[in-house]
Amino acid sequence: MAGTRRRVGVGTAVAAVAAGYCALASFAPPFTAAADTVTAVAFFGLAVLAAHTVVARRQPPAVPAPARSTFRPWVASIGAACALELVTYFAGFSDRHAFPTLSSISDLAFHYQALKGAAFALWLALGWGMFRR
Amino acid sequence: MTRDVVFGLWAAAAAGLVCCELSARWTRPGHRGPVVATAAELLSRASASTWRLVGLFVVWMWLGWHLFAR
């Protein structure tokens with residue numbers, strides 16, 4: 001009971017710190033030392049987590065992995081997004097306005113700080129999902 | 001015109017990823033097993049070995065640096 005309460009408390013504290021950090025990141029304009037720093041600190045944090053994962057590796061999974069075929073829709077969707085990025089990148093050399101890449105769309109979206117903070121949170125969550133074990 | 005089409009394609013690509021996750025959750029538990037893996041299962045599989053984990057970390061860093069720093 002006390003252990004569960006403590007875990008919930010730690011989780012809440014971590015979530016609050018992460019939310020504050022994402023808000024901070026949303027105020028850092030790109031190509032500045034502030035943006036470099038907030039991104040690099042996240043690199044460092046996730047590098048520590050990844051190193052811990054590698055060292056502590058690795059209990060065999062309790063649940064059997066799903067069949068290979070269940071990953072196909074993901075591979076197709078991610079492959080299509082990567083192909084679109086490549087096509088728009090090369091097609092946009094002469095006219096970037098007509099062929100927006102992921103980064104030009106994000107430049108537009110990141111004029112809104114809430115969107116930038118949310119994207120930063122998504123990026124951190126992706127890293128957390130990949131490296132926590 | 002071209003810009004609108006490209007935006008539509010990007011929206012479709014994003015919707016594809018969302019649909020994968022939604023269909024993964026809606027199609028389980030099934031008596032013949034899941035049809036689509038969840039994003040968590042995909043990440044778990046993608047980081048199954050140390051080298052894959054290092055590769056994913058590099059890709060993750062590049063994405064963050066490209067989108068938020070530079």
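In this predicted model, B:Glu21 and B:Arg25 form a salt bridge, with their closest N and O atoms 2.7 Å apart. It is the one salt bridge that the structure holds over all chains. Side chains of opposite charge can pair when their charged atoms come close. The geometry of the helix helps to place the two partners: B:Glu21 and B:Arg25 are four residues apart in helix H1 of chain B, so about one helical turn separates them. An α-helix has 3.6 residues a turn, so residues three or four places apart point the same way. The pair also appears as a polar contact between the side chain of B:Glu21 and the side chain of B:Arg25, again at 2.7 Å.

The two partners have unlike surroundings. B:Glu21 has a relative accessible area of 16% and is therefore buried, the cut-off being under 20%. B:Arg25, in turn, counts as exposed because its relative accessibility is 53%, and the cut-off for that class is over 50%. Beyond its neighbours within four places in sequence, B:Glu21 is in contact with A:Trp74, B:Thr38 and B:Ala39. The list includes a residue of chain A, A:Trp74.

The helix that carries this pair deserves a look of its own. Helix H1 of chain B runs over residues 2-26, and its 25 residues reach 35 Å from the first C-alpha to the last, close to the 36 Å expected at 1.5 Å a residue. Alongside B:Glu21, the buried residues of this helix are B:Val6, B:Trp10, B:Ala13, B:Cys20 and B:Ala24. Their cover includes helix H3 (72-91) and helix H4 (102-109) of chain A, together with helix H2 (39-46) of chain B. After H1 of chain B comes a loop leading to H2, and B:Pro34 has its place there. With 31% relative accessibility, B:Pro34 counts as partly exposed. The C-alpha atoms of B:Pro34 and B:Ser23 are 9.4 Å apart in space, while the two residues are 11 apart in sequence.

The contact between the two chains can be considered next. Chain A and chain B bury about 4100 Å² between them, and 75% of this area is on carbon and sulfur atoms. On the chain A side, the elements that give two or more residues to the contact are helix H2 (33-56), H3, H4 and helix H5 (113-131). By class, that side has 30 nonpolar, 12 polar and seven charged residues. Altogether the contact takes 49 residues from chain A and 39 residues from chain B. The count of salt bridges between chain A and chain B is zero, whereas nine residue pairs are found in polar contact across the interface, both residues of each pair being at pLDDT 80 or more.

Turning to chain A, its helix H1 should span 36 Å for 25 residues at 1.5 Å a residue, and its end C-alpha atoms are indeed 36 Å apart. The buried residues of this helix are A:Tyr21, A:Cys22, A:Ala25 and A:Ser26. What covers them includes H2 and H5 of chain A. Between H1 and H2 of chain A there is a loop that holds A:Phe31. Most residues other than glycine have a negative phi; in A:Phe31, however, phi is positive, near 65°. At 59% relative accessibility, A:Phe31 counts as exposed.

Helix H2 of chain A follows this loop. Its 24 residues should span 34 Å at 1.5 Å a residue, in agreement with the 34 Å between its end C-alpha atoms. The buried residues of H2 include A:Ala35, A:Asp36, A:Val38, A:Thr39, A:Ala42 and A:Phe43, and also A:Leu46, A:Leu49, A:Ala50 and A:Thr53. Their cover includes H1 and H5 of chain A, together with helix H3 (50-69) of chain B.

A residue of H5 shows some of these links in detail. A:Leu124 lies in helix H5 of chain A and is buried, with a relative accessible area of 16%. Leaving aside neighbours within four places in sequence, A:Leu124 is in contact with A:Cys22, A:Ala42 and B:Trp60. A:Leu124 and A:Ala42 are 82 residues apart along the chain, and their C-alpha atoms are separated by 7.6 Å.

Definitions and conventions: Residues are numbered from 1 along each chain as its sequence is written. Chains are lettered from A and ligands numbered from 1 in the order in which they are written. This is a predicted model: local features need pLDDT of at least 70, side-chain atom pairs count only at pLDDT 80 or more; totals for chains, interfaces and linings use all residues. Side-chain values use heavy atoms; hydrogens and water are left out. The expected span of a helix is 1.5 Å times one less than its number of residues. Buried means under 20% relative accessible area, exposed over 50%, partly exposed in between (1.4 Å probe, protein chains only). Contact means heavy atoms within 4.5 Å. Buried area is the accessible area (1.4 Å probe) that two parts lose on being put together, summed over both. A salt bridge is a side-chain nitrogen of Lys or Arg within 4 Å of a carboxyl oxygen of Asp or Glu. A polar contact is a pair of N or O atoms within 3.5 Å; within protein, one must be able to donate a hydrogen and the other to accept it, and residues adjacent in sequence count only if both atoms are side-chain atoms. Ala, Val, Leu, Ile, Met, Phe, Trp, Tyr, Cys and Pro count as nonpolar, Asp, Glu, Lys and Arg as charged, and the others, Gly among them, as polar.
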